[in-house]
Amino acid sequence: MHKIMGMPKPKHPLVSLINCADINPSVKKEATNIVANFYTVSMKRCIDCKFRYGQNYYDFNEGVLVFMEPGQIVSSSTPIGNAMPDGWLLVFHPDLIRNYTVGKNIKKYTFFSYAVNEALHLSDEEEKMLIEIFKNIEREYNHSIDQFSQDVMVSQIELLLNYSNRYYNRQFLTRKTASSDVLTKMQALLDEYFSGNKIQELGMPTVQYFADQLNVSSNYLSDMLRTITGQSTQQHIHNKLIEVAKNILATTNLSVSEIAYRLGFEYPQSFNKLFKTKTNVSPLEYRASFS
C-alpha cells in the first residue's frame, strides 16, 4: 500500500499508521490494484485521488471515515494530484489482534463490511476525538518496541472502533428521515414479497434480497433498522412471516405442513419452532383459539 501512495515504509510488520500530510502529493502513480490482506481505517480529505473498493468508487475529497476488511480489492483510479492531503490511514493485519478480545469480537464491528457509500460522516467534535486517538496510536507506533507495545496499540485500536460504533449509531439517528424512508420501503417490499409469487419463485426471503432492493449492504441495513426499531432485518422478516401465518391459520383450513411450504419452509418443524418462539403457542394452538 505504501508503494501505491508514495508513503514511507511501515515501521511494524503487523500495523502501519500514515499521517496523510507525509504523503508526497507530487508523486504520480498509474492506477494500481491490490488485494488487501489487512483491516483499514482511513480518515481523509483534500486528496485528489479516487479509490475503488469492491464494486464502488470513493472520492476522498470529503472528510469521512471509511473501513475496509481483509480480502477486498482496492485500486486507485486516478493519479495523485497536487492538492495537499490531510487525514490518517491505519492498517493492521488480523494477526495483530488475534489473541485479544477485539480480535475475537471483530465481527461485531459490522461497518468493516459496509459499502463505501455508507461511510461514516463525522461531526467536528467527533473528528477531533478520533484524531486524538490516531495521535495516540502514532505516538505508540513511533515508540521503541517493548513488552507492552502491542497491548497499548491494540487497546487504542479497540477504542477507535468503539467510538466509531457510537458515531455510526448517531448517524443513523440524525439521518432519521432517510432511515424512515428505508424502513417504509422495507415494509412495502415485505408486503409485496408475501402477497405475490416471490415465495414460490425465490423461496424464503433473505436479508440480502432486501438489501439489494434497497441498494445498501446487508449489515448496514440491519444495523440501521436495529437502531431505529430495535430489530434487525431478519427479525423484521420473521415478524412479517408470523403475521401472514396467523392470517392463514385463522382464515383457512390448510394444514400446518401446507402453510409451512407456502411460506417457503423446507421442513414444517422449522415453521413450528419459529412460530412458537415468536408467539409462545404452536400453530395448532393458535388456530384453536379461534374456535
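Okay, a quick definition to start: when I say helix or strand, I mean a DSSP run, at least four residues of H or I for a helix and at least two of E for a strand, numbered from the N terminus. On that count, the protein chain has 13 helices and 9 strands. And keep in mind that this is a predicted model.

So, how far do we trust it? Mean pLDDT for the protein chain is 83, with 80% of the residues at 70 or more. The stretch to watch is residues 52-62, where pLDDT stays under 50. The model still gives that stretch 45 contacts beyond four places in sequence, but where pLDDT is low, the predicted coordinates should not be read in detail. I'll leave that part alone.

Now the overall picture. There are 291 residues in the protein chain, and 43% of them count as buried. If you take the contacts with a separation of 6 or more, 73% come from residues 24 or more positions apart.

Let's go to the strands. Thr40 sits in strand E3, residues 39-45. Is Thr40 buried or exposed? Buried: its relative accessible area is 3%. And what is Thr40 in contact with, once you leave aside its neighbours within four places in sequence? You get Val66, Phe67 and Met68, then Leu89, Leu90 and Val91, plus Phe112.

For contrast, look at Gln72, over in strand E7, residues 72-76. Gln72 has a relative accessible area of 24%, so we call it partly exposed, the cut-off for buried being under 20%. Its C-alpha is 9.1 Å from that of Phe38, and those two are 34 residues apart along the chain.

Next, the aromatics. The count comes to 21 aromatic pairs. Take Tyr109 and Phe111: the ring centres are 5.8 Å apart and the planes are at 45°, so this pair is tilted. Both Tyr109 and Phe111 are buried. Phe111 also pairs with Tyr168, and that pair is stacked, with 5.6 Å centre to centre and 15° between the planes. Where do these two residues lie? Phe111 is in the loop between helix H3 (101-104) and strand E9 (120-121), while Tyr168 is in helix H5, residues 149-174, so the pair ties together parts 57 residues apart in sequence. Tyr168 is buried, as is Phe111. These three rings belong to one aromatic cluster, and its members also include Tyr39, Phe67, Phe92, Phe112, Tyr114, Phe172 and Tyr220. You'll remember Phe67 and Phe112 from the contacts of Thr40.

Last stop, the helices. Two packed helices are described by the angle between their axes and the distance between the axes. For helix H6 (residues 176-195) and helix H9 (residues 218-229), the axes come within 10 Å and cross at roughly 105°. That falls in the 65 to 115 range, so H6 and H9 count as roughly perpendicular. On the H6 side the contact is made by Ser179, Val182, Leu183 and Met186, and on the H9 side by Leu221, Met224, Leu225, Ile228 and Thr229. By type, that's 7 nonpolar, 2 polar and no charged residues.

H6 and H9 turn up again around helix H8, residues 207-214. The buried residues of H8 are Val207, Tyr209, Phe210, Ala211 and Leu214, and what covers them includes H6, H9, helix H7 (198-202) and helix H10 (233-251). Right after H8 comes Asn215, with a positive phi, near 60°.

Conventions: Residues numbered from 1 in each chain as written. Predicted model: local features only at pLDDT ≥ 70, side-chain atom pairs only at ≥ 80, totals over all residues. Heavy atoms only, no water. pLDDT = per-residue confidence, 0-100. Contact = heavy atoms within 4.5 Å. Buried < 20%, exposed > 50% of the residue type's maximum accessible area, 1.4 Å probe, protein only. Phe/Tyr/Trp six-rings, centres within 6.5 Å; stacked < 30°, edge-to-face > 60°. Axes fitted to C-alpha atoms, helices over the stretch in contact; angles between N-to-C directions. Parallel < 35°, antiparallel > 145°, perpendicular 65-115°, else oblique. Nonpolar A, V, L, I, M, F, W, Y, C, P; charged D, E, K, R; others polar.
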